[in-house]
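Please open the structure in your viewer and keep the sequence panel beside it. This tour moves from one selection to the next and says what is found at each stop.

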Amino acid sequence: PAVPAGKGVSQANTRRIVVMELGAAASTSRYGRLLSRGAPAGSLLNGEWLRVDADLVAHPRYVRRDVPELHLFYTGSAWRIVRGSDDPSGELLAEAVSAALHPATVGVSGWSLLEAEKGAVRHCPEYEMVCDGPNTELQPFLMEELGRDFFLRVQLTRKVVWFVCPATGNVYHSAAKPGGPGGRSRPGKRYCHLCAKCFSANNFQSQHLANLHRPGRPTALVTVPDEAGGVHLLWRPPVDPTGQGPGITGYRVRVSVNDGISWQVGINDTGTSEARAIITNLVAAVPYRFQVAAVNCAGVGADSEPSPQLCVAPEHPPTPPPVASRMSDGLDLLSLAAANRRNDAAPGCTATETKVVRALSEGHCPASLEPLRHLSPARSFDVF
């Protein structure tokens with residue numbers, strides 16, 4: 001249980017120090033400050049942000065200190081900074097497409113900023129939001145300040161974080177091993193928002209996340225070569241037996257050119273939950289095999305079984321990849337599948353699209369055809 005303010009008891013790493021009662025409205029902020037940095041010098045996007053919500057909410061809202069017309073909020077699929085309004089109707093200044101519960105837990109290089117002179121949003125890997133504060137045993141962070149999914153999404157490396165466990169009110173450090181006075185004399189812990197409790201920091205990644213929260217293995221991987229030196233990959237997403245695990249946010253694709261003896265990462269993260277990818281600019285006559293693994297906030301899951309060996313024909317040399325395939329621009333796959341069953345060609349249907357539809361209609365698709373009636377744009381990737 002939480003200890004009422006003013007009744008702290010020092011007990012090594014479980015030291016209870018002036019922590020506010022859990023569930024109190026004031027428990028959303030205390031010592032931590034949300035800072036943004038990395039935008040061009042003089043930009044209004046750099047600075048401190050103040051939390052608007054006084055109560056615990058799934059995704060907190062913020063305004064820029066001293067620039068209250070700048071609002072930071074979550075849309076359901078992305079964090080956005082807008083000017084003039086606290087909803088998507090405002091002028092968009094920055095965006096991070098992410099499933100993060102807090103702006104400080106958005107992944108590295110996750111933000112894109114508006115280029116005023118071009119009127120377009122550009123990826124800005126230098127821009128980030130961080131929780132700053134004393135970070136001591138006596139002045140620890142609240143998980144609401146760090147982001148409840150902080151320990152699942154942020155790589156700490158050598159950094160040690162002091163925090164209050166929302167479940168107990170105890171103060172812990174995040175280091176895997178002991179190494180210091182006071183609370184550091186005992187091993188640390190890390191908070192899992194999915195389980196709503198703290199676990200040993202030493203085994204948090206290797207056992208807790210790996211055994212309980214990382215996604216399962218994708219299945220039924222299909223490769224469909226195109227006519228431009230590339231290949232379409234399709235697969236079935238892993239099934240979550242509990243139905244309560246973290247959602248899939250992307251897929252990693254690995255490539256082998258020596259029949260599976262060794263593998264290298266071709267796509268680190270597709271950045272979409274859609275179970276497909278387009279690989280471009282493959283080298284002619286090289287034997288490729290592919291594997292896919294699902295990604296969520298807990299990490300990367302197990303790889304699928306390798307795809308059959310595939311070679312790009314020498315008579316089809318690599319060409320610059322298109323921005324997106326015609327199929328992924330909204331082509332009706334049900335109409336194409338019907339045309340394929342009739343053995344005739346649908347207007348505007350390329351040979352590659354017919355092959356993909358055949359794979360879908362023959363039961364190799366990652367889901368039934370109905371959810372695939374209109375696919376959103378697929379991303380194309382070069383693996384080398």
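Between which two helices does the loop that holds Gly-147 lie? Select Gly-147 to begin, and you will find its place in the loop between helix H1 (143-146) and helix H2 (150-153). As you look, keep in mind that this is a predicted model. Gly-147 counts as buried, since its relative accessibility is 0%. If residues up to four places away in sequence are left aside, Gly-147 touches His-102 and Thr-105. Now add Ala-58 to the selection: Gly-147 and Ala-58 are 89 residues apart in sequence, and from C-alpha to C-alpha they are 10.0 Å apart in space.

**The whole chain**

Zoom out for a moment to see the protein chain, which has 5 helices and 22 strands. Of its 384 residues, 43% count as buried, while the chain exposes about 18,300 Å², of which carbon and sulfur atoms supply 53%. Among the contacts between residues at least 6 apart in sequence, 54% join residues at least 24 apart.

**The sheet of three strands**

Next, select residues 141-142, 162-164 and 171-173, which are strand S10, strand S11 and strand S12. Together they form an open sheet in the order S10-S11-S12, and the pairing in this sheet is mixed. S10 and S12 stand at the edges with a single partner strand each, so one side of each is left without a neighbour in the sheet. S10 and S11 pair in the parallel sense over 2 bridges, and within this pairing Phe-141 stands opposite Phe-163 in S11.

**The aromatic residues**

Stay with Phe-163 and add Phe-150, Phe-151 and Tyr-172, because these four residues form one aromatic cluster when rings with centres within 6.5 Å are paired. Then select Lys-189, which lies over the face of Tyr-172 at 5.8 Å from the ring centre.

By the rule for ring pairs, the count comes to 7 aromatic pairs. A pair of aromatic rings is described by the distance of the centres and the angle of the planes. Select Tyr-74 and Trp-79 as one example: their ring centres are 5.1 Å apart and their planes stand at 55°, so the pair is tilted. Tyr-74 is buried, with a relative accessible area of 17%, and Trp-79 also counts as buried, at 0%.

Now turn to Tyr-288 and Phe-290, whose rings form a stacked pair, with 6.1 Å from centre to centre and 10° between the planes. Tyr-288 counts as buried at 1% relative accessibility, and Phe-290 counts as buried at 0%.

**The sheet of four strands**

Which strands make up the open sheet of 4 strands, and in what order? The order is S18-S17-S20-S21, and the pairing is antiparallel. Strand S18 (264-267) and strand S21 (299-300) stand at the edges, where each has a single partner strand, so one side of each is left without a neighbour in the sheet. Select residues 250-256 and 289-296 to see strand S17 and strand S20, which run antiparallel and are joined by 7 bridges. One residue to pick out here is Arg-252, whose bridge partner in S20 is Ala-293.

Gln-291 is also found in strand S20, and it is worth selecting on its own. Is Gln-291 buried or exposed? Gln-291 counts as buried, at 8% relative accessibility. The side chain of Gln-291 reaches the backbone oxygen of Ser-304 at 3.4 Å. When residues up to four places away in sequence are not counted, Gln-291 touches several others, including Leu-221, Arg-252, Trp-263, Ser-304 and Pro-306.

**Two loops with a positive phi**

Most residues other than glycine have a negative phi. With that in mind, select Asp-259, found in the loop between S17 and S18. Phi of Asp-259 is near 60°, a positive value in a residue other than glycine. Asp-259 is partly exposed, with a relative accessible area of 45%.

For the last stop, select Asn-281, whose place is in the loop between strand S19 (276-280) and S20. Asn-281 has a positive phi of about 55° although it is not a glycine, and with a relative accessible area of 27% Asn-281 is partly exposed.

Methods. Residues numbered from 1 in each chain as written. Predicted model: local features only at pLDDT ≥ 70, side-chain atom pairs only at ≥ 80, totals over all residues. Heavy atoms only, no water. Pairing = 2+ DSSP bridges. Phe/Tyr/Trp six-rings, centres within 6.5 Å; stacked < 30°, edge-to-face > 60°. Buried < 20%, exposed > 50% of the residue type's maximum accessible area, 1.4 Å probe, protein only. Lys NZ or Arg CZ within 6 Å of the ring centre and 35° of its normal. Polar contact = N/O pair within 3.5 Å; in protein donor to acceptor, adjacent residues only side chain to side chain. Contact = heavy atoms within 4.5 Å. Areas by Shrake-Rupley, 256 points an atom, 1.4 Å probe, with all protein chains shown as cover.
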